[in-house]
Amino acid sequence: MLERMEITVDDLRHLVSERALSGETMLLNMGPQHPSTHGVLRLLLELDGEVIVNCVPDIGFLHTGIEKNMEAKNYIKATVMTDRMDYLNTVGNNLAYALAVEKLLGIDDIPERAQIIRVILAELQRIASHLVWLGTHALDLAAMSVFLYCFREREMILEILEMVAGQRMMTTYIRPGGLWRDVPPGFAEAVRAFIDYFPARIDQYEALLTENPLFLQRVKGIGVLRAEDAIAHGATGPVLRGSGIKYDIRKARPYSGYEQYDFDIPVRPEGDVYARYLVRMEEMRQSLKIIRQALDKLARTEGQPVRTPNRKFVPPPKSELAHSMEAVIHHFKYWTEGFHAPKGAVYVAVESPRGELGFYIEGNGGPHPQRIHARTPSFANLQLLPMMSKGHMVADLVAIIGSIDIVLGDVDR
Amino acid sequence: MDAYLSDVVIPTLQERLAAAPTVFRDEVSFQVPAERLLEAARLLRDELGFDALLDVTAVDYWPEGRPRFHVVYQFYSYTHNVAVRLRVPVEEDAAEVPSLVGLYPSANWYEREVWDMFGIRFTGHPDLRRILMPYDWVGHPLRKDYPLGYEEPQFSFNFDDIERRKPRPRS
């Protein structure tokens, strides 16, 4: 097992065309330290003049062994690792992991209030993630002001997350069995203030970009992805919907009560960078619509529990520890050994801002998982980059990378 | 469970692959030997409408498990909105599975990841290189007998021993 792998130039020769060997085309290294690769993505480009003949992504610079680390922890402690994968969608990662563990354990009595809060936070996080995407994507295409506006609005969402979890990004707020705690007073008002303020801001971004001829020239007809290629290559999320497939896990396999909300799935048939832009812009509006409905529900569930009543899987309330031996035992077992999961495997997916985020979790009857695998959307979507970028200019490659909306923490894990 | 899954997919797979389904928490999985994997994938794609392979991963059952690995495939059908899972047992000394890249292009990077992390080879894969670890990395990190990565403290009496077995890039 421990023999060294020898890689020779011959093993890599098939990645580029014959013309590269004679020097007719040029090989150019882009990244991993490059502002337009959105993290540490390295691309080996074969260029004919300025036109891309081949594009070979090289990933793994941000690989931190999260899956290996999760296998060494118990199910509760592994939750904190999920935040650190896709750092723009921390709440969504917690949610996907919590849902998978709950399915593995067979917990099906998550209180309604917890589910509503999960939906509100997941949708806020989707908007925050899309704002980072929009800001950086526009910045790559030389629209500086959009970047500043987007980060200004994202700050409001991060403040709401800080309010509920004490942390702006690494929240670990959604946990197997429910939530860490109920939302603090003033949460609903803060969210409502944001959703009242934000629609005008989306209009402002659209006024800057959607009809802007400079922007349109950079995005229309660039990086076209056909629907059948998108499916065959495992694309999900806005990349898939930008190619005309009306598919959203929130509708197809609803979780956390998404079936109770009224919202649309934006779809565009063109499959180019502009289509993906339009899909994401509309998704932000739909997220606001979901949050508005969820806030009304939240007001009706005031004072209800936010954790499953099954004490095997959640810590007991502090107030019980003083007078209940049972609670002390549960508390001790929960925080030391953790709960045991049955033998068996589950795969649970949620719609993250980037696409299908799935957790494959296999239990072995003990407190540690046998295997946790995160099926991350950026990894699958990035696979399409060589196909989408062939025949375009290097400058268009920047637009295409931006439109896939990769997060390298999500790709490399 | 979805009617299409219980009435069409499970009986067809049961009959054609001579494999019994395992149902856990409403998720269906079939265990198929490596030599019938291509046939199973073709059946799923062409006849049963599973147009997407969403995930490929592996599980290591070291030290007790025989065979040591399972390669796990997650198929999904956009037309019928159902999912099915295939598990392929693999022995350690013959860690080879036919590649599905020809049928499902999405398998490309996932199979590279499984090779990188578990050392399972995919025959017929067009570009089976390491993907997440550096190209000259020694070992396959997600194997259960691979240490978690704490650095061993070196003292003067065992400095050379530990120095020798540290994984490091080729000079």
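Student: Before we look at a strand, what makes a residue buried or exposed?

Tutor: A residue is buried if 20 or more other C-beta atoms lie within 10 Å of its own, exposed if 12 or fewer, and partly exposed in between, with C-beta atoms placed from the backbone. Strands are DSSP runs of E with at least two residues, and helices are runs of H or I with at least four, numbered from the N terminus. This is a predicted model, where local features need pLDDT of at least 70, side-chain atom pairs count only at pLDDT 80 or more, and totals for chains, interfaces and linings use all residues. Residues are numbered from 1 along each chain as its sequence is written, while chains are lettered from A and ligands numbered from 1 in the order in which they are written.

Student: What makes strand β4 of chain B mostly covered?

Tutor: Nine of the nine residues in β4(B), residues 69-77, are buried. F69(B), V71(B), Y73(B), F75(B) and S77(B) point one way, whereas H70(B), V72(B), Q74(B) and Y76(B) point the other way.

Student: Which strands pair with β4(B)?

Tutor: Two strands pair if DSSP finds at least two bridges between them. Strand β3 of chain B (52-60) is joined to β4(B) by eight bridges in the antiparallel sense, with T57(B) opposite V72(B). Strand β5 of chain B (82-90) is joined to β4(B) by nine bridges, also antiparallel, and F75(B) stands opposite V84(B) there. A hairpin is formed by β4(B) and β5(B), with four residues between them.

Student: Why is Y205(A) called buried?

Tutor: Y205(A) has 21 other C-beta atoms within 10 Å. The cut-off is 20 or more, so Y205(A) counts as buried. Y205(A) sits in helix α8 (187-209) of chain A.

Student: What is Y205(A) in contact with, beyond its neighbours within four places in sequence?

Tutor: Contact here requires C-beta atoms, placed from the backbone, to lie within 7 Å. By that rule, Y205(A) is in contact with L134(A), V146(A) and Y149(A).

Student: How many residues does each chain give to the contact between chains A and B?

Tutor: Chain A gives 37 residues and chain B gives 33. Elements giving two or more residues on the chain A side include α3 (66-72) and β7 (355-363).

Student: What makes β1 and β3 of chain A edge strands?

Tutor: Each of them pairs on one side only. The open sheet has the order β1-β2-β3 and antiparallel pairing. Seven bridges join β2(A) to β3(A), and D48(A) stands opposite V51(A).

Definitions and conventions:
Contact = placed C-beta atoms within 7 Å.
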